[in-house]
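Dear colleague,

Please find below the structure that I am handing over to you, with its sequence. My findings follow directly after it.

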Amino acid sequence: MGDRKAGEEKGAERGAIVVVGAAETRRALPFDALIPALRTAFAGDATVPGRHHHHIHHPEGDGVLLLMPAWNADLLGTKIATIHPANNTRGVPSVHSTYLLADAATGAPLALLDGNEITARRTIAASALAATFLARRDASRLLVVGAGKIAALAALAYAAVRPIRQVAIWNRDVAKAERLAAELRKQGFDAEATRSLETAAREADIVTCATPSTAPIIQGEWLAPGTHLDLIGSFTPEMREADDACFARGRIYVDTRAALTETGDLTGPIANGIITPDDVIGSLADLCAGRVAGRGAAEEITILKSVGTALADLAAAALVHARRSTPSFGKTDRG
C-alpha cells in the first residue's frame with residue numbers, strides 16, 4: 001500500500017491523474033463514513049456556484065451536458081455529467097458522469113473518480129443525514145418508492161441512522177420491486193414488495209421517493225402523524241412526486257435553496273397558493289450548522305425536498321481520496 005501511495009505521488013508530480021473506478025469508489029463510500037462526512041461539509045465553508053446546463057443537439061438524440069463545480073480551502077472539483085434520454089432505447093445508461101478532483105491551492109489534478117457511484121451514494125446519504133434531524137428516533141418502517149440505483153441503496157443508508165427493520169418497496173414495475181425486496185432480504189432486512197402504495201404509505205415511518213414521476217404519486221392524506229417524507233426524484237419544474245396536500249401538512253426543508261425553483265414538488269404548490277417560499281424552514285446546511293431546528297414533536301410530518309448539490313459531490317470525492325490512501329482501506333468496509 002505504501003508503494004502504491006508513493007507511486008501515486010510520483011504520478012501526481014509528473015501530472016498524471018489517478019483514475020478511481022466504480023468498484024473502488026463504492027468501497028470508499030460506506031454510509032457510516034459518508035453520512036458524517038456530509039454533515040461536516042454542510043456545516044462548513046465551501047463555494048458552490050450554480051450548476052451549468054448545456055443542451056447538446058444531435059441527430060441521433062439530444063442530450064444535456066451538466067457541470068457541477070465546488071471548492072473549499074483544500075480541494076476543488078467538478079462533476080461532469082451527460083444525460084441522453086434516447087439511450088434508454090439503445091440499452092445504454094442515459095446518465096454518465098465522472099468527477100475531477102484537484103488541489104485547491106495549485107489546481108493540480110489529483111484524481112478522476114466514478115461520478116455515477118458518487119452521485120447515487122451521496123444522494124441517498126444526504127437524505128439519511130436529513131433524517132437524523134427530521135425522522136423520529138424510533139422510526140423502523142421504511143417505504144421505498146422506486147426500484148432504481150438510488151432506491152436500492154435507501155435501506156442501507158437509513159439503517160445507518162435509524163433502527164430500520166421493515167422495508168416495503170413499491171414500483172410501477174412490480175417485478176423490479178420484487179427483485180429489490182429479494183436483494184434486501186439477503187442483506188438482512190424484512191423486505192417485501194407491495195402492490196398498494198396507499199397502504200404502505202399509511203404504515204410507514206419514513207417514505208423515500210426516487211422516481212422520474214411527472215405527476216404526484218404520494219397523497220398527503222396517506223401520511224400518518226409523525227411520518228418523514230423524503231423526495232428525491234423531481235429535479236425539474238415538470239416533475240412531481242408529492243401532491244399539494246403533503247406540503248400543506250408538513251414542515252418543509254430542502255437540501256439547498258435552489259430547490260425552490262428547480263423542482264415541481266415546490267414550484268407547483270407555490271404556484272397553487274398552497275405554500276410560499278417562506279414556508280420552507282431551512283436547508284440541510286441550516287440544519288447541520290444549527291441555524292434552524294428539525295423535528296419538534298413526535299406527531300409532526302416533516303418533508304425534505306432535494307435536488308442535489310455539488311457540495312455533496314465534493315465531500316464524497318474528498319472522502320474517496322482520503323480513504324483509499326489509508327492502509328486499512330477495503331478490509332472492513334460495509335454498506
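For the surface finding that comes first, a patch is made of residues with over 30% relative accessible area and no salt bridge, and nonpolar side chains are joined within 5 Å. Please keep in mind that this is a predicted model.

By that definition, I17, I80 and L100 make a nonpolar surface patch of about 200 Å². Of these residues, I80 belongs to strand 4, which covers residues 75–83. I80 has 32% relative accessibility and therefore counts as partly exposed.

The sheet with mixed pairing

Strand 4 belongs to an open sheet of 6 strands with the order 1-6-5-4-3-2, and the pairing in this sheet is mixed. Strand 1 (18–20) and strand 2 (52–56) stand at its edges; each has a single partner strand, so one side of each is left without a neighbour in the sheet. Direction ignored, neighbouring strands here are turned by 15° against each other on average. Strand 1 pairs with strand 6 (residues 109–114) in the parallel sense, over 3 bridges. Within this pair, V20 stands opposite L113 of strand 6.

Two helices are associated with this sheet. Helix 4 (residues 115–134) packs on the sheet and touches strand 3 (63–71), strand 4, strand 5 (95–103) and strand 6, with a direction at about 95° to that of strand 5. Helix 12 (residues 310–323) lies across strand 1, strand 3, strand 4, strand 5 and strand 6, and runs at about 70° to strand 3.

The sheet with parallel pairing

A further open sheet has 8 strands in the order 9-8-7-10-11-14-12-13, and its pairing is parallel. Its edge strands are strand 9 (190–193) and strand 13 (280–283), each of which pairs on one side only. From one strand to the next, the twist averages 20°. Helix 5 (residues 149–159) packs on this sheet, where it touches strand 7 (141–145), strand 8 (166–170), strand 10 (206–209) and strand 11 (228–231); the direction of helix 5 makes about 160° with that of strand 7. Helix 6 (residues 174–186) lies across strand 8 and strand 9 and runs at about 170° to strand 9.

Strand 10 may be of particular interest to you. How are the two faces of strand 10 covered? I206 and T208 on one side, and V207 and C209 on the other, are all buried. In general, the side chains of a regular strand alternate between the two faces of the sheet. Strand 10 is joined to strand 7 by 4 bridges, and these strands run parallel; here I206 is the bridge partner of L142. Strand 10 also pairs with strand 11 in the parallel sense over 4 bridges, with D230 of strand 11 as the bridge partner of T208. Elsewhere in the sheet, 4 bridges join strand 12 (residues 251–254) to strand 14 (residues 302–305), which run parallel, and Y253 stands opposite L304 in strand 14.

A loop residue

I164 is located in the loop between helix 5 and strand 8. Is I164 buried or exposed? Its relative accessible area is 9%, and buried means under 20%, so I164 is buried. Residues up to four places away in sequence aside, I164 touches A139, S140, L142, Y158, A159, F189 and I206. The C-alpha atoms of I164 and T227 are separated by 14 Å, and these residues are 63 residues apart along the chain.

With kind regards

Notes: Residues numbered from 1 in each chain as written. Predicted model: local features only at pLDDT ≥ 70, side-chain atom pairs only at ≥ 80, totals over all residues. Heavy atoms only, no water. Patch = residues over 30% accessible without salt bridge, like charges linked within 9 Å, V, L, I, M, F, W, Y side chains within 5 Å. Areas by Shrake-Rupley, 256 points an atom, 1.4 Å probe, with all protein chains shown as cover. Salt bridge = Lys/Arg side-chain N within 4 Å of Asp/Glu carboxyl O. Buried < 20%, exposed > 50% of the residue type's maximum accessible area, 1.4 Å probe, protein only. Pairing = 2+ DSSP bridges. Axes fitted to C-alpha atoms, helices over the stretch in contact; angles between N-to-C directions. Contact = heavy atoms within 4.5 Å.
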